[in-house]
Amino acid sequence: MSKYLRNTWYPLTWSSNVDRSLKRHTVIEEDIVVYRKTDGEIAALSDACPHRLAPLSIGRLVGDSIECGYHGMTFNCSGTCEKIPGQRRVPDSIKVKSYPVTENMGMVWIWMGDPAKADKSKVFDLKEFHDPNYSYVLGDALVVDANYLNLADNLCDPSHVAFVHQSTLSNKEHGEVPVHYERLEDRVVTWRWINDSPLIPVFKDQFDYEGNVDRWHYYHYFAPSVAMIDFGSAPTGTGAEQGNRDHCIQMFACHFITPIDERSCIQHWLCVKNIPSDPEKNAKLLAGLRIAFDEDKTVLQAIQKNEDKLVGFKKARIAIDVSNIKMRQMLDEMIEEEQLESIPFTEVV
Ligand code: FES
Ligand SMILES: [Fe+2]
């Protein structure tokens with residue numbers, strides 16, 4: 001079975017990173033050249049000239065087309081060859097693969113599968129990102145030298161927070177609080193409530209409240225590479241768990257994971273919050289989250305090194321692994337279904 005789902009919108013790069021220069025990106029082991037056209041739309045082509053495989057990203061833009069930097073063959077943004085220096089006829093068979101792309105939430109998304117199935121309305125969206133009652137901070141594009149599913153494991157696993165993020169997102173004494181799991185049609189949700197406890201460190205600069213709070217963490221994982229963590233706090237005893245969030249701080253940490261290959265990925269993250277944008281508070285929030293996500297990166301990269309050495313090692317499964325198992329099952333089923341769909345149907349007479 002293929003390692004990757006293809007018919008899906010993968011996060012590619014921040015929109016602000018795409019301009020009139022040619023940039024090379026790698027998604028599920030395919031190299032892609034990306035640029036912005038003169039009308040502001042984005043084009044994405046396979047980054048290999050079909051002549052001698054020179055990367056098109058080392059060529060040059062001529063209008064909205066790319067001129068190969070080796071012998072000057074020119075391809076338009078759909079991948080059609082427009083010009084071959086030294087010959088008049090341009091065979092239709094010479095072309096470059098082009099990829100559907102779209103933009104949402106400050107991110108460029110790329111469709112790696114059948115272009116006919118690329119539905120832009122299905123790209124991941126968080127309605128609060130567009131809601132004027134919320135603000136957001138764009139984080140980083142963190143290169144993590146680890147398999148993207150190990151990062152996904154981490155992002156649907158509240159249990160590690162008490163041990164990895166004691167200075168930022170948690171307090172050690174909450175390692176024993178029970179975790180709940182549910183697989184829905186489009187996601188795996190993992191959650192827990194930690195009631196009557198102090199504010200976590202990253203909220204202290206954001207939320208003007210001194211007393212204890214009831215705190216929630218809902219981890220939503222959408223296969224294959226989007227995780228959204230809804231976390232927040234409300235004064236203890238005000239019924240937050242029952243749905244009353246009148247006076248609360250709420251954040252949505254969105255993680256858009258670009259799988260590069262089996263051993264590396266890019267973690268694009270941003271944070272949407274129900275508090276107004278304030279430069280000083282934003283800077284403190286970004287600093288706190290950066291520390292937290294670096295803490296994850298350190299663990300994940302160390303795990304990857306061990307996995308590379310201990311090939312075939314049978315890992316122990318424990319009670320807290322339910323979500324990770326559900327998450328990987330969900331993805332395996334999606335990949336299997338996609339492959340079954342792609343098998344041509346032959347009628348037996
Ligand atoms: S390698 Fe591109 S034109 Fe020759
Ligand atoms: Fe973490």
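How exposed is R60? Select R60 and colour by accessibility: at 46% relative accessibility, R60 counts as partly exposed (buried is under 20% relative accessible area, exposed over 50%, partly exposed in between, with a 1.4 Å probe and protein chains only).

Before moving on, some bookkeeping. This is a predicted model, in which local features need pLDDT of at least 70 and side-chain atom pairs count only at pLDDT 80 or more, while totals for chains, interfaces and linings use all residues. Residues are numbered from 1 along each chain as its sequence is written, chains are lettered from A and ligands numbered from 1 in the order in which they are written, and side-chain values use heavy atoms, with hydrogens and water left out.

**Stop 1: salt bridges**

Keep R60 on screen and add E67. Their side chains form a salt bridge, 2.5 Å from N to O (the rule asks for a side-chain nitrogen of Lys or Arg within 4 Å of a carboxyl oxygen of Asp or Glu). E67 is buried, at 18% relative accessible area.

Next, pick K127 and E128, whose side chains meet in a salt bridge at 3.0 Å, N to O. Here K127 is exposed, with a relative accessible area of 64%, whereas E128 is buried at 12%.

Now select D308 and R263, a salt bridge of 2.8 Å, N to O. This pair links distant parts of the chain, 45 residues apart: D308 sits in helix α4, and R263 in the loop between β16 and β17 (264-273) (helices, H or I of at least four residues, and strands, E of at least two, are DSSP runs numbered from the N terminus). D308 is partly exposed at 34%, and R263 is partly exposed at 46%. For a network, show K3, E29 and E262, which are joined by salt bridges that share partners. The count comes to 20 salt bridges.

**Stop 2: the iron ion**

Which residues donate to the iron ion (ligand 2)? Select H160 (NE2), H165 (NE2) and D296, the last listed with two OD entries; these donors lie 2.1 to 2.3 Å from the ion. Donors are N, O and S atoms within 2.8 Å of the metal (3.2 Å for Na, K and Ca), and water is not among the atoms, so sites may look incomplete. Along the chain, the donors follow the spacing H-x4-H-x130-D. Both H160 and H165 are buried.

Try the angle tool as well: angles among the 4 donor atoms run from 57 to 144°, and the site is irregular. Four donors would count as tetrahedral if all angles lay between 85 and 135 degrees; four count as square planar and six as octahedral if opposite donors are over 155 degrees apart and all others between 65 and 115; anything else is irregular.

**Stop 3: the cavity**

The structure holds 1 cavity of 30 Å³ or more, and the largest cavity has a volume of about 160 Å³. Here a cavity is a set of points, on a 1 Å grid over the protein atoms alone, where a 1.4 Å probe fits but cannot get out; lining residues have an atom within 4 Å of a point. Grid points are joined across faces, edges and corners, and the volume is the space filled by probe spheres set on the points.

Of the 16 lining residues, select V161, L169, Y219, I229 and F293, the closest to the centre of the largest cavity. Helix α4 gives the most to this lining, with 3 residues.

Terms used
1 Å grid on protein atoms, 1.4 Å probe; cavity = no way out; pocket = protein on both sides within 12 Å on 5 of 7 lines; lining within 4 Å.
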